[in-house]
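Work through the following exercises with the coordinates open, and try each one before reading its solution.

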Amino acid sequence: MLDRERYEARYLLSIIAAIINQTDIPRSVRSLNWENIYKMAEYHKVAHIVYLVTLGFEDEIDRKWKKLFREKYEESLLSQERYRNAAEVVMWQLKQNKIHALLIKDGIMSTCYEPRELRALTQVRIFVGEGQEAKVHSLMRSMDFQKKENRKIKGDVYYRVPKTTVIFYTDLGFGTRKLRKYFDFPVKVIRQMEGEKFLHQFTEDEFFIYLMCDMVKQYACGDIKINNMVDYWQFYKKYHKQLNWEYIQKELAAAGILDFSQRLQKLAQIWFGESDAALAREYDAESDVYDAMESYILTGGKEGREISCKLTELIQESAKLRTRARRKERIKRYRSFTFPDLKYMEKIFPILEDAPFLMPLCWFWRSFLLTLRPVRKKIHRVVYPIKRRMAEIAEDIEERHEEKMLKRMDEAVRQVMEESTSSVGQGVHEILDHEGEEPAEQPDILDILSEEISSGEPGISQGQEAQENSTTDSLYADSALEDSNSAGMEKEPEREVFGMQDFFINSR
């Protein structure tokens, strides 16, 4: 951790101590990066506490980070009532269904804070007896809780909108051998609540032992955070005069964590308590140890691990257990991938619906196809660039061919135009010459018709007369149209058109 980051981390610890102890807020002598402080506080789940500090800083903190701190504080306020009501309802339902249950940690710790919203509630954790999973599941479904898969948590996780999480454990979740052996007892043996038969609760001494064992377990896994140390200090401040320390030390020694738990207690006192001469002398004598523990907590187990492993063997044991658990999980995933269930295989091989006994053969064929996939990918990586290059070459050849064809067509059209230029021009000149000549006079069609009618040729029947009349009308119209178009003269005034019978009469 850099010197600047270490200074900001220690300043964060000092302002948290001032809030929970209700003392004056210390002022920093150096400039602070509040973005780093917010991210650190959010990681260690104490951002809602730091919000109360930002109220006294007007211009030193950017509005963006003030807003984020305020949102965390408001979320903590809303979670108090929501989780308290959820815990009461769930515990009442467990009692009605005669299920032995113990509410652990989160609901109890909120009573140690003043004001209570300083302890953010993120979940309700309940310890129930083994073999009650089916009852618990139907009970939670009746209250609109949905079960969620979570591999990091060993218990059964149930969720309901808005943001309400309840976790059920059939054991207290200690993975190391000594702690698991120490807490290997059913929920029935824990003291019952006053007037209750199925609801249980820890005594103050038992809860302190559980709290210290849980802190050691989280430290060994690298999951311990500042809020866990604040929980311990708040409980210690409220109950340390009532605790039976002789009994507690005996039980912690039986669990194998007495020495290390005492170091955690002293580190919490260094962070949040009042300094005294004895503690100062011990810190000076073993400053490297406490600095390593501090770095281990602040960095999530990335720094100070070597010295921490020397302080307790639980870290190495926990690391081995986690490695073993990850190996088992990998083996389980490999088996489920290599040998899928029948429903999955039926989607790939429909023949299994009628012949499920062919499942081993289908497993083998599927594995064979999967082994060929890398080879196919390698072949594809080699062949695809070649195919793409060949396609590009073919496109280039086609484009060149089209360009040559277009050039040939242009050349042919140009030659044709050159050859036809002289003959076309001559024809055009001839047409223009004829247009300049005056048209010859043609006999008027009306005169011709009048002469024919006046001659009075015999033998013309009435039908022939009608045919001649229609022919004459059409000739008259065509002649008038040609005269107007060819001469280009002004349009003559419209003449009255008579019927053909009237024309004959008037012509006589």
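The exercises below concern aromatic pairs, charges over rings and one helix of this predicted model.

**Exercise 1.** Classify the ring pairs F202–F207 and Y219–F260 by the angle between their planes.

*Solution.* Begin with F202 and F207, whose ring centres are 6.5 Å apart and whose planes stand at 50°. Planes under 30 degrees apart count as stacked and those over 60 as edge-to-face, so this pair is tilted. Both F202 and F207 are buried. Turn next to Y219 and F260, where the centres are 4.8 Å apart and the planes make 65°, which is an edge-to-face arrangement. Y219 belongs to helix α8 (residues 204–221) and F260 to helix α11 (residues 258–272), so this pair ties together parts that are 41 residues apart in sequence. Y219 and F260 are likewise buried.

**Exercise 2.** Which residues lie over the faces of Y7 and Y43?

*Solution.* Over the face of Y7 lies R30, at 4.4 Å from the ring centre. For Y43 the residue is K225, at 5.0 Å from the ring centre.

**Exercise 3.** Determine how buried and exposed residues are distributed around helix α10 (residues 245–255).

*Solution.* First list the buried residues of α10, which are I248, E251, L252 and A255. Their directions cover an arc of only 100° around the axis, and therefore they sit on the same side of α10. Then examine the other side, where E246, K250 and A254 are exposed. Finally, look for the partners of the buried residues, which pack against α7 (177–182), α8 and α11. Just after the helix, G256 adopts a positive phi of about 80°.

Note on methods. Residues numbered from 1 in each chain as written. Predicted model: local features only at pLDDT ≥ 70, side-chain atom pairs only at ≥ 80, totals over all residues. Heavy atoms only, no water. Phe/Tyr/Trp six-rings, centres within 6.5 Å; stacked < 30°, edge-to-face > 60°. Buried < 20%, exposed > 50% of the residue type's maximum accessible area, 1.4 Å probe, protein only. Helix = DSSP H or I, 4+ residues; strand = E, 2+ residues; numbered from the N terminus. Lys NZ or Arg CZ within 6 Å of the ring centre and 35° of its normal. Arc of directions from axis to C-beta. Contact = heavy atoms within 4.5 Å.
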